[in-house]
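Subject: A structure for you to look at

Hello,

Here is the structure I promised to pass on. Please have it open while you read, as my notes follow below.

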Amino acid sequence: MLETRQVAKETFITKFSSPTIARAMAPGQFVMVSFPGSMDPLLPRAYSVCDADGEWLSLLYFRVGKGTTRLSQVRTGETVTMNGPLGRGFPQFRPRENVWCLVGGSGAAVAPILDRESRKEKAALRLFYGARTADQIVDFGIERTDYSTDDGSKGYHGTVVEMVKHEVAETKPDRILACGPMAMLKQVCDEFMAVVPTFISVETPMACGNGLCQGCPVKMANSNDYMLACKDGPVFEAASLDLGQWGVSR
């Protein structure tokens with residue numbers, strides 16, 4: 001571990017030296033983290049990668065349970081067990097493509113690595129960042145960022161989906177990406193997938209991260225088949241999913 005910084009209320013970014021994983025990482029992929037010599041927590045935890053550049057990668061997380069508390073306490077120079085990159089991430093950016101990304105909660109973790117990749121591919125990324133209150137927002141320094149808060153303490157007063165609905169009425173991007181709580185993703189699908197190609201990163205419990213435990217099924221649209229969030233996702237085109245499993249109507 002290289003460093004840990006508190007970046008918002010109960011929110012931390014921990015940076016690791018891991019060239020092998022960092023060089024292969026794509027936006028939306030994740031890693032499984034456990035602690036050598038410890039059975040507490042018993043199972044490894046899945047973390048979206050916040051940023052990666054050559055020699056290092058970073059994880060953003062809320063300190064809410066045993067795994068994230070332990071991660072926030074890792075000391076500089078201490079090692080963790082990290083398996084990755086895992087899963088399928090967001091589609092690769094195309095030059096001059098206009099992409100909007102909605103993030104909320106711990107889903108905001110993907111913003112820096114998406115911004116890095118969009119600049120590399122000369123695509124135009126606009127970030128819409130929603131939170132309950134201003135003190136939960138992390139300043140990533142991304143130039144084209146619009147904020148919303150439930151209590152109106154920063155940016156638009158309301159949800160990030162409500163904010164983007166107003167923007168979509170004026171102009172439409174080439175694609176919409178979304179990462180956040182399932183309640184937010186449900187709203188994203190209901191509002192946007194019929195008018196703009198929409199890709200969401202689903203949040204499901206994962207025990208292994210590689211499909212062995214079969215513990216993260218995701219039902220496909222117009223089919224009785226299931227895919228696995230850890231192996232076939234966690235990013236899916238919204239139209240390919242049977243959203244009824246999350247109470248979303250088409």
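A residue counts as buried here when its relative accessible area is under 20%. By that cut-off, five of the seven residues of strand 2 (residues 11–17) are buried, so strand 2 is largely enclosed by the rest of the structure. Please keep in mind that this is a predicted model.

Strand 2 has partners on two strands. With strand 1 (residues 3–8) it pairs in the antiparallel sense, over five bridges; one pair to look for is R5 with its bridge partner I13 in strand 2. These two strands make a hairpin with two residues between them. In that turn, E10 has a positive phi of about 55 degrees. Strand 2 also pairs with strand 5 (residues 56–62), again in the antiparallel sense, this time over seven bridges. There you will find T11 opposite F62 in strand 5.

Stepping back to the whole chain, the protein has five helices and 15 strands. Its radius of gyration is 18 Å, close to the 18 Å that the globule rule gives for 250 residues, so the chain is as compact as a globular protein of that length. The C-alpha trace spans about 55 × 45 × 35 Å along its principal axes. Of the 250 residues, 50% count as buried. If you take contacts between residues at least 6 apart in sequence, 60% of them join residues at least 24 apart. The accessible surface comes to about 11800 Å², and carbon and sulfur atoms account for 47% of that. As for charge, there are 27 positive and 28 negative side chains, with the centres of the two sets 4 Å apart.

Next, a sheet you may like to trace. It is an open sheet of seven strands, in the order 10-9-8-7-11-12-15, and its pairing is mixed. At the edges stand strand 10 (156–157) and strand 15 (235–237); each has a single partner strand, so one side of each is left without a neighbour in the sheet. Strand 15 pairs with strand 12 (residues 198–201) in the antiparallel sense over three bridges, and F236 in strand 15 is the bridge partner of I200.

Which residues does G130 touch, leaving aside its neighbours within four places in sequence? They are V103, G104, G105, S148 and V160. G130 itself lies in strand 8 (residues 124–131). With a relative accessible area of 11%, G130 is buried. K154 is 24 residues away from G130 in sequence, while their C-alpha atoms are 9.5 Å apart in space.

Finally, have a look at helix 3 (residues 111–120). Seven of its 10 residues are buried, so helix 3 is largely enclosed by the rest of the structure. The buried ones are A111, P112, I113, L114, D115, E117 and S118. What covers them includes strand 4 (45–53), strand 7 (98–104), strand 8 and strand 11 (175–179). Strands 7, 8 and 11 also belong to the seven-stranded open sheet. Just after helix 3, K122 takes a positive phi of about 60 degrees.

I would be glad to hear your thoughts once you have looked through the model.

Best wishes

Notes. Residues numbered from 1 in each chain as written. Predicted model: local features only at pLDDT ≥ 70, side-chain atom pairs only at ≥ 80, totals over all residues. Heavy atoms only, no water. Helix = DSSP H or I, 4+ residues; strand = E, 2+ residues; numbered from the N terminus. Rg over C-alpha atoms; globule rule 2.2 N^0.38 Å. Buried < 20%, exposed > 50% of the residue type's maximum accessible area, 1.4 Å probe, protein only. Contact = heavy atoms within 4.5 Å. Areas by Shrake-Rupley, 256 points an atom, 1.4 Å probe, with all protein chains shown as cover. Lys, Arg positive; Asp, Glu negative; His and termini not counted. Charge placed at Lys NZ, Arg CZ, Asp CG, Glu CD. Pairing = 2+ DSSP bridges.
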